[in-house]
Amino acid sequence: MPSGATDIRSVADSVALDWVSVRAFLAAHGHVLETEPPPRQFAGGLANLNYLIRLDGAPAVLRRPPLGELPAGSHDMAREHRILSRLPDALAFVPRSLFLCADAAVLGAPFQIIEYRPGMVIRDTLPPGMAGRPETGILLSRQLVECLAALHAVDPVQVGLETLGRPAGFLARTVDGWAARGAAVADLINPLALSEVLDWLRRRAPTDAPPSLIHSDFKLDNMILVPETLAPVAVIDWDMGTRGDPLWDLAVMLSYWVEPDDPPRLHRVRQMPTAQPGFWRRHEVLAAYLRLSSRAVGDFTFYRVLSLFRAAVVFLQLYDRFRRSPGQNMRCAEFDTLGRELLDHAFEVIHGRAE
């Protein structure tokens, strides 16, 4: 949901939606959607489709799942709407969902309309003027850890989310869920690495920790920032939000957190600019989070391996969607190689040969 022309695609480059149908549906619910000029799609992102619209005379964001067949339980607009209807009461950096359409007949899938918050989004590279400045890396590292710790400190009861998700057996179920998704792209995977990593994870799943509200894909490009101060304006992409082990949320963020001396396969992830000067190392992020949250962990390796396995499967799923519809997102064309490399890295971690 960033502002600025470079963050918005042209009408021609936006994935076309049936705006006539959306306008008619919203009109029946007392809202006015402006379709001239047509809404335009936000750049960035590899899955859900987000559009800058004007609703009732003000900017807003229409958000829907990606086109095509979707993995079970993914891209859940109703779940995201539930979270974004309540969590803003506790956290200023959570944008509010304004409207949910659960009727897939209107647009081909459920969609929601979310509060628009302009700002800057940093993806895999730092903007000119910030690159190479250690103070930028230090500040962004701190912002990420503090926002994540603040989320995990929210009492779900106080925001009416105490029944969200199923925290009992969360980690074991997470292993099984990602194993099932991996099986769906098994033709792309090294079977030996897959079997050994899953066996290792199933033998080592920790017992349930006290659950927190978790984001499940917390990373820098899911945070909108004030350009001048880099303070968080909004954290976005809550469609996988739930209640579960907060260390899993941290591990997912760290699966994108590349260090300067990491092997090339990790640098190919290209999700956050954390190899730049000033960014904390992964062990420093873990220590800072544990200090802020007053939590403890005996061995983080399980979380590290599971998060790498998850990342491998995500990139393979994106490649699988690309090979079924090759023209949609050319950035996914080499994600089969990246997914296999991340699974191989998880294999190396369980054997003590990588971090």
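This is a guided tour of one predicted model, stop by stop.

Residues are numbered from 1 along each chain as its sequence is written, and side-chain values use heavy atoms, with hydrogens and water left out. Because the model is predicted, local features need pLDDT of at least 70 and side-chain atom pairs count only at pLDDT 80 or more, while totals for chains, interfaces and linings use all residues.

**Stop 1: H6 and H11**

Select helix H6, residues 191-204, and helix H11, residues 335-350. Helices (H or I, at least four residues) and strands (E, at least two) are DSSP runs, numbered from the N terminus. The two helices pack at an angle of about 50°, with their axes 9 Å apart. Axes are lines fitted to C-alpha atoms, for helices over the stretch in contact, and angles run from 0 to 180 degrees between N-to-C directions. H6 and H11 are therefore oblique to each other. On this scale, angles under 35 degrees are roughly parallel, over 145 roughly antiparallel, 65 to 115 roughly perpendicular, and the rest oblique.

The crossing of H6 and H11 is left-handed. That term applies if the near helix is turned anticlockwise from the far one by less than a right angle; clockwise gives right-handed.

Now show side chains. From H6, take Ala 193, Leu 194, Glu 196, Val 197 and Trp 200; they meet Leu 343, Asp 344, Ala 346, Phe 347 and Ile 350 of H11. Contact means heavy atoms within 4.5 Å. The residues of this H6 and H11 contact divide into 8 nonpolar, no polar and 2 charged. Here Ala, Val, Leu, Ile, Met, Phe, Trp, Tyr, Cys and Pro count as nonpolar, Asp, Glu, Lys and Arg as charged, and the others, Gly among them, as polar.

**Stop 2: H5 against H6**

Keep H6 and add helix H5, residues 170-184. The angle is about 165°, and the axes are 10 Å apart. That makes H5 roughly antiparallel to H6. H5 passes H6 in a left-handed crossing. Pick Val 175, Asp 176 and Ala 179 in H5; they meet Leu 198, Leu 201 and Arg 202 in H6. The contact of H5 with H6 has 4 nonpolar, no polar and 2 charged residues.

**Stop 3: H4 and H9**

Select helix H4, residues 134-152, with helix H9, residues 282-293. They pack at about 40°, with axes 10 Å apart. The crossing of H4 and H9 is right-handed. Val 145, Glu 146, Ala 149 and His 152 in H4 meet Val 285, Ala 288, Tyr 289 and Leu 292 in H9. By class, the contact of H4 with H9 has 6 nonpolar, 1 polar and 1 charged residues.

**Stop 4: aromatic rings**

Rings of Phe, Tyr and Trp (its six-membered ring) pair if their centres lie within 6.5 Å; planes under 30 degrees apart are stacked, over 60 edge-to-face, and the rest tilted. The count by this rule is 9 aromatic pairs.

Select Trp 19 and Tyr 51. Their ring centres are 5.3 Å apart and their planes stand at 80°, so the pair is edge-to-face. The pair links distant parts of the chain: Trp 19 is in helix H1 (residues 19-28) and Tyr 51 in strand E3 (residues 49-55), 32 residues apart. Trp 19 is buried at 11% relative accessible area. Tyr 51 is buried too, at 0%. Buried means under 20% relative accessible area, exposed over 50%, and partly exposed in between (1.4 Å probe, protein chains only).

Next, pick Phe 25 and Phe 99. Their ring centres lie 6.0 Å apart with planes at 70°, so this pair is edge-to-face. Phe 25 sits in H1 and Phe 99 in strand E5 (residues 97-101), 74 residues apart. Both are buried. Add Phe 111: ring pairs link Phe 25, Phe 99 and Phe 111 into a cluster.

**Stop 5: backbone checks**

Most residues other than glycine have a negative phi, and most peptide bonds are trans. Zoom to Glu 36 and Pro 37: a cis peptide bond joins them, with omega about 0°. Pro 37 lies in the loop between strand E1 (33-34) and strand E2 (40-41).

Go to Asp 56, in the loop between E3 and strand E4 (58-64). Phi of Asp 56 is positive, near 55°. Asp 56 is partly exposed, at 42%.

Then find Arg 270, in the loop between helix H8 (264-267) and H9. Phi of Arg 270 is near 50°, again a positive value. At 53% relative accessibility, Arg 270 counts as exposed.

**Stop 6: Glu 355**

End in the segment after H11, at Glu 355. Glu 355 is exposed, at 65% relative accessibility. Leaving aside neighbours within four places in sequence, Glu 355 is in contact with Arg 282, Arg 304, His 345 and Val 349. For a long distance label, choose the C-alpha atoms of Glu 355 and Asp 89: they are separated by 38 Å and lie 266 residues apart along the chain.
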